[in-house]
Amino acid sequence: MSSFRRDFLKLAGAGFVATAAAATPGARAQTGYSLSSDPNSVFDVKAYGARGDGVTIDTPAINKAIAAANTRGGGTVRFPPGIYACYSIHLKSKVVLYLEPGATILAASVPAEGARGGAYDAAESNQPWENFQDYGHNHWHNSLIWGEDLHDFAILGTGLIWGRGLSRGASQLPLAETPGMGNKTIGLKNCHNVILRDFSVLEGGHFAILATGVDNLTIDNLLIDTNRDGIDIDCCRNVRISNCSVNSPFDDAICPKSSFALGYARTTENVTIINCYLTGAYEVGTMLDGTWKRWPSDKAEQAKVLPYFPEEFNGSIKLGTESNGGFKNIAISNCAFDGSKGFALESSDGAIVEDITLTGITMRDCTNTPLFLRLGSRMRGPKGAKVGTMKRVIMSDIVCSNSVSRLGGGGIIAGIPGYPIEDIKIHDAYFEHSGSGTKEMAALNPPEAAEDKDYPDPDMFGDIPASGFFLRHVNNIEFTNVEIAFRQPDARPVFWMDRVEGADFFHVKTPKALSAPVFALHDVQDFRVVASRNVRDVYLDKVVQQQL
C-alpha cells in the first residue's frame, strides 16, 4: 500500500491534512458555497464536544450537532480542521455537512481507536429480498455516514473522508458480516434532493457511495481513491454525476444498478455522467497524494504490494450487474478511461434497457474489451420474471488505444437465443489493441450453454474469435466510420457474427496488411457492406456460413 496511507495520521498531526484532501493534477472547481452569516444556522461539531484528534470517538458529538440543526429546521454542521474518528454518522433532512479544508472524517476500526469500545450501526434486515443481490446492496445502516427516508441534505467541502476501518465486503467475508463492522462510506436509501460535492474519499470500503432509491441526486467534483466500488447508484432517478475522478482498481468506478433491494423492480433512469476520469491503474491513495504510482508489473513486486493480485484492474463504468428493473434514458459523455476495464451495459435479471448514449469517450490501456453489451438470463430475482430487453443504444466519438486483444479489441455485443439485442449504432470510433490473435483463437466458437447463467462479464466467453467485434443474437446494428487497428498481426476475423439480422457497415477501415477475413458470418441475414477497406461492397440476403 502507498506511503500516503501509512503516513497519513503523522502528516495530519503536523497540519498537512489539506494537502491530501485537495491534491489533484490541475485546479479543482469550487462551488462558491460559504457558511451562513447567521450563527444560529451553523453548528460547529467542536462546540458539541468533538475533539478532532484522530483518537477520540467523535460520533456522539457529531450526531448531536446534526440533530440540533435538524431540530431548528435545518442548518450547516461545520467540521473545522482535524481528524474526527467516527462510527455511524446519522444524516438528517435539511442539514448540510460541511468539511472544511483540513477536516477528515475517519472511519474508526472495530474495536475502536484507543481503548474505548465501539461499533458501527447493525446491518438491518432486508428480508425477504436479500438473496436477489449481493450482501452489500441489502444494507445501509452499517455505513460510516448514512441516511434513510430523508430529503434536502448535502455533504460539501474540500475535506476528506477516510474509510480506513471499513470492510471491503465480499472479499473479507465473514468479516463484512461481523456485528459492529461497517462496509460503506456513504449509504443512502429512499431519499430525494441530495447533493454530494467537492470532498475526497480514501479507501471507501465496499462502496464509497451507495445510493438506493435516491431521486434528484447531484454528485459533483469528487475525488475517490478507493479499494472497491466508487459510486453505485441503484434504482435512482434524475441523477447527475459530473467532474469526478475515481481510482478503483478492484471494482467499478461508477456503477448504475437496478437491483431488487427495495422489494420491487425500480428502474434507474434520467441519468447523466459527464466529464469524469475513471482508472484502476494506480495504487490506492496515490491519486489523492499526487504521486500517481502505477501498480508494478513484476510478479515479485506485486506480491510485496498485495497478498493477491488481480489479472486485470477495473475502474470502469458499468450498468449492471444487478439489473432487475432497468436502465432508461442514460447519457454518458466526455469521460476518460485510463488503465481500466471498458464500458459495460448489462441486463441479466430482467432489466429493460433502452435509450442509452455513450459519446466523446477516450480509453487507453483497456484491461478487457472496450465495449460490452450483454442481454442474458441469470434471472436473480423473484420467480416468474421475464428476460429483459436491450434496444436503442448509440455509441459514438470513441477512441481506444492499446487494449488487450484476447477479448476483442472493439467489443462484445451478445444476447441469447430468442432474446436479441436490438437497434445499435456505433459510429466515428477508433479501436486499437495489441493484436497477436492466433488461428486457434480464430477457430473458437464460444458455446451458448456457458453464456446463460454465468456472472455477466466479458471473460464468460473465454478467448474471442474476433480481433474487432464479437456479435451474437443481434438485430439491426450499424457501424459507420469505424476503424479497427492492432499493433501486431492478428489471425482472427475482424467481425465475428452469429445469428445477426440487419447489419450495415459503412466506411469501416481495417489494417491494409490484414491476414484474416474482415467478416466471419454464421447464420446472418440482411447484411450490407459499403466503402470499406479489404472487402468489396456487397449485400447478402441470407448467409449460413461465409467469410469475406
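Which residue stands opposite Gly411 in β29? In this predicted model, the partner is Leu371. The pairing belongs to a parallel arrangement in which strand β27 (residues 371–375) and β29 are joined over 4 bridges. On another pairing of β29, 4 bridges join this strand to β31, again in the parallel sense, and here Gly411 stands opposite Phe469. Strand β29 itself covers residues 411–414, with Gly411 and Ile413 pointing one way and Ile412 and Ala414 the other. Residues on both faces of β29 are buried.

Strand β31 leads on to the nonpolar interior. The largest nonpolar core has 133 residues, and those with the most contacts inside it are Phe495, Met497, Phe519 and Phe527. Strand β31 (residues 469–488) supplies the largest share of this core, with 8 residues. A second, separate core is made up of 12 residues, including Leu407, Ala414, Met460 and Ala466. As background, nonpolar side chains in soluble globular proteins tend to be buried together. Met497 offers a good view of the larger core's surroundings: beyond its neighbours within four places in sequence, Met497 is in contact with Leu471, Ala503, Phe505, Phe519, Ala520, Leu521, His522, Val524 and Phe527.

Aromatic residues deserve a look of their own. The whole structure contains 21 aromatic pairs. One of them joins Tyr87 and Tyr120, whose ring centres are 4.9 Å apart and whose planes meet at 90°, so the pair is edge-to-face. Tyr87 sits in the loop between β4 and β5, and Tyr120 in the loop between β7 (103–107) and β8 (143–148), so this pair ties together parts that are 33 residues apart in sequence. Both Tyr87 and Tyr120 are buried. Phe479 and Phe505, by contrast, form a stacked pair, with 5.1 Å from centre to centre and 5° between the planes. Because Phe479 lies in strand β31 and Phe505 in strand β32 (residues 495–509), the pair links parts that are 26 residues apart in sequence. Phe479 is buried at a relative accessible area of 0%, and Phe505 is likewise buried at 0%. These two phenylalanines also belong to one aromatic cluster, together with Phe431, Phe469, Phe495, Phe519 and Phe527.

Helix α3 (residues 59–71) can be checked against simple geometry. At 1.5 Å a residue, its 13 residues should span 18 Å, and the end C-alpha atoms are indeed 18 Å apart. Buried positions in α3 are Thr59, Ala61, Ile62, Asn63, Ala65, Ile66, Ala68 and Ala69. These buried residues pack against β1 (42–44), β2 (53–57), β3 (75–79), β4 (82–86), β5 (89–90) and β6 (95–99). After the helix comes Gly73, whose phi is positive, near 95°.

A polar residue also appears in the interior. Asn247 is found in strand β19 (residues 245–247) and counts as buried, because its relative accessibility is 0%. Leaving out residues up to four places away in sequence, Asn247 touches Ile224, Asp225, Thr226, Thr279, Gly280, Ala281, Tyr282, Glu283, Val284 and Met287.

Finally, what of the cysteines? The structure holds 0 disulfides. The sulfur of Cys236 is 7.1 Å from the closest cysteine sulfur, in Cys235, which is too far for a bond. Cys236 counts as buried, because its relative accessibility is 0%. Cys86 is buried too, with a relative accessible area of 0%.

Conventions:
Residues are numbered from 1 along each chain as its sequence is written. This is a predicted model: local features need pLDDT of at least 70, side-chain atom pairs count only at pLDDT 80 or more; totals for chains, interfaces and linings use all residues. Side-chain values use heavy atoms; hydrogens and water are left out. A nonpolar core is a set of buried Ala, Val, Leu, Ile, Met, Phe, Trp, Tyr and Cys residues joined through side-chain atoms within 4.5 Å. Buried means under 20% relative accessible area, exposed over 50%, partly exposed in between (1.4 Å probe, protein chains only). Helices (H or I, at least four residues) and strands (E, at least two) are DSSP runs, numbered from the N terminus. Contact means heavy atoms within 4.5 Å. A disulfide is a pair of cysteine sulfur atoms within 2.5 Å. Two strands pair if DSSP finds at least two bridges between them. The expected span of a helix is 1.5 Å times one less than its number of residues. Rings of Phe, Tyr and Trp (its six-membered ring) pair if their centres lie within 6.5 Å; planes under 30 degrees apart count as stacked, over 60 as edge-to-face and the rest as tilted.
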